Amino acid sequence: MSALDFGGGSATNTTRFYSTSNSQSIDVTTGVALCAWIRHLTFTGDEVLVGAGVSGAASSIQLRTFGGGQYGGQIRDSVGANVSVGANYPAAGDYLLCLQYSTALAALQFFMIPKGGTVSGPSDTTVAAFINITPASPWYIGADGTDFTKTPLGEISLVNRVLTNAELTSLAAGAAITTVLTPQLYWPFRTGANATETNAGSVGSGANATRNGTGYTTSADFFGGGGGGIV
C-alpha cells in the first residue's frame with residue numbers, strides 16, 4: 001500500500017488534490033462507511049482528507065482534521081445542521097480513519113485505528129439523524145478547494161453500509177476493503193501520483209480521480225515497501 005504525500009515532504013500544500021466528476025449519493029438507510037489511511041506527522045489543522053460537497057454546507061460529507069487538533073468527520077444532509085465527531089491527534093504513526101452512519105445506528109461514529117490495532121468501539125460518537133445525501137459538488141481527495149491535506153494518504157474507500165468491529169480490525173491489519181465487500185468508491189493509491197487514479201469500486205470509471213497540481217512525493221508504504229520520487 002503506497003503512502004502518497006500531498007505535502008510534498010515539506011508539510012505545505014496549496015495546489016495538490018484529486019478531483020472527480022462523480023457526486024455519488026449516500027443512502028443513509030443502508031448506511032455509509034468512509035475510510036482512509038493516513039500517516040500522522042505534523043499538522044496545522046483544517047486539512048481535508050476526502051469528501052464531497054462544500055465543507056459544512058448542505059449535502060456534504062468529509063473526513064478531515066479540525067483546527068483544535070483532532071482528526072474527525074462531519075456530515076450534513078439537505079435539511080439539517082452539520083454533525084461532527086472527532087478524536088485528538090495520536091502519537092506519530094499510521095492510522096485507519098473511518099466515518100460511519102446508518103439510520104439503524106442513529107449515531108455518527110468515528111474510528112481512529114492504529115495500524116494493527118483491535119477495534120472494540122468508536123473513538124467518538126454522537127446521536128444523529130440524516131435523510132439521504134446527494135452532494136452538491138463531486139468527490140475530492142486531498143482538498144475541497146480551501147483546506148488542503150499536508151500529509152501522506154493511503155487507500156480510500158466508500159461503502160454503502162457500516163463495518164463491524166471485526167471488519168475494521170481486519171482492515172487495520174492491512175486487508176484491502178475488497179476483501180470485506182465491494183465498495184462504491186475505492187482509490188487504492190498504490191502506484192504513486194497517477195494523472196488518473198482509477199476508481200476500483202462498483203461505480204466504475206465515472207468516479208476516476210484526476211490529479212491536480214504537482215510536487216507529490218511517495219514515502220514509505222503503510223505495509224512495507226519502499227519510497228518514491230516527486231511527481
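In this predicted model, the search for internal voids returns one cavity of 30 Å³ or more. The volume of the largest cavity is about 70 Å³. Its lining consists of C35, A36, W37, L96, E155, I156, S157, L171, A175, I177 and Y186. Two elements, β3 and β12 (152-159), each give two or more residues to that lining. Sorted by class, the lining has nine nonpolar residues, one polar residue and one charged residue. As a general remark, rolling a probe the size of a water molecule over the atoms shows where empty space is left.

Let me take up one lining residue, C35, and turn to the disulfide. The structure holds one such link. C35 and C98 are the partners, and their sulfur atoms lie 2.1 Å apart. Which parts of the chain does the pair link? C35 belongs to strand β3 (residues 32-40) and C98 to strand β8 (residues 93-101), so described in the model as distant parts of the chain, 63 residues apart. The angle about the S-S bond is 115°, and the link of C35 and C98 is right-handed.

Are these two cysteines buried or exposed? C35 has a relative accessibility of 3%, and therefore counts as buried. C98 is buried as well, because its relative accessible area is 0%.

The next element is helix α1, residues 165-172. Its buried residues are E167, L168, L171 and A172. Why do these residues lie on the same side of α1? They cover an arc of only 140° around the axis, which puts them on the same side of the helix. In general terms, an α-helix has 3.6 residues a turn, so residues three or four places apart point the same way. The cover over the buried residues of α1 includes β3, β8 and β9 (107-114). Of these strands, β3 holds C35 and β8 holds C98. L171, one of the buried residues of α1, also appears in the lining of the largest cavity. Just after α1, G174 adopts a positive phi of about 115°.

I finish with the loop between β15 (209-212) and β16 (217-219), where T214 is found. T214 has a relative accessible area of 57%, and it is therefore exposed. What separates T214 from F6 in sequence and in space? The two are 208 residues apart in sequence, and their C-alpha atoms are 9.3 Å apart in space.

Definitions and conventions: Residues numbered from 1 in each chain as written. Predicted model: local features only at pLDDT ≥ 70, side-chain atom pairs only at ≥ 80, totals over all residues. Heavy atoms only, no water. Disulfide = S-S within 2.5 Å. Helix = DSSP H or I, 4+ residues; strand = E, 2+ residues; numbered from the N terminus. Buried < 20%, exposed > 50% of the residue type's maximum accessible area, 1.4 Å probe, protein only. 1 Å grid on protein atoms, 1.4 Å probe; cavity = no way out; pocket = protein on both sides within 12 Å on 5 of 7 lines; lining within 4 Å. Points joined across faces, edges and corners; volume = space filled by probe spheres on them. Nonpolar A, V, L, I, M, F, W, Y, C, P; charged D, E, K, R; others polar. Arc of directions from axis to C-beta. Contact = heavy atoms within 4.5 Å.
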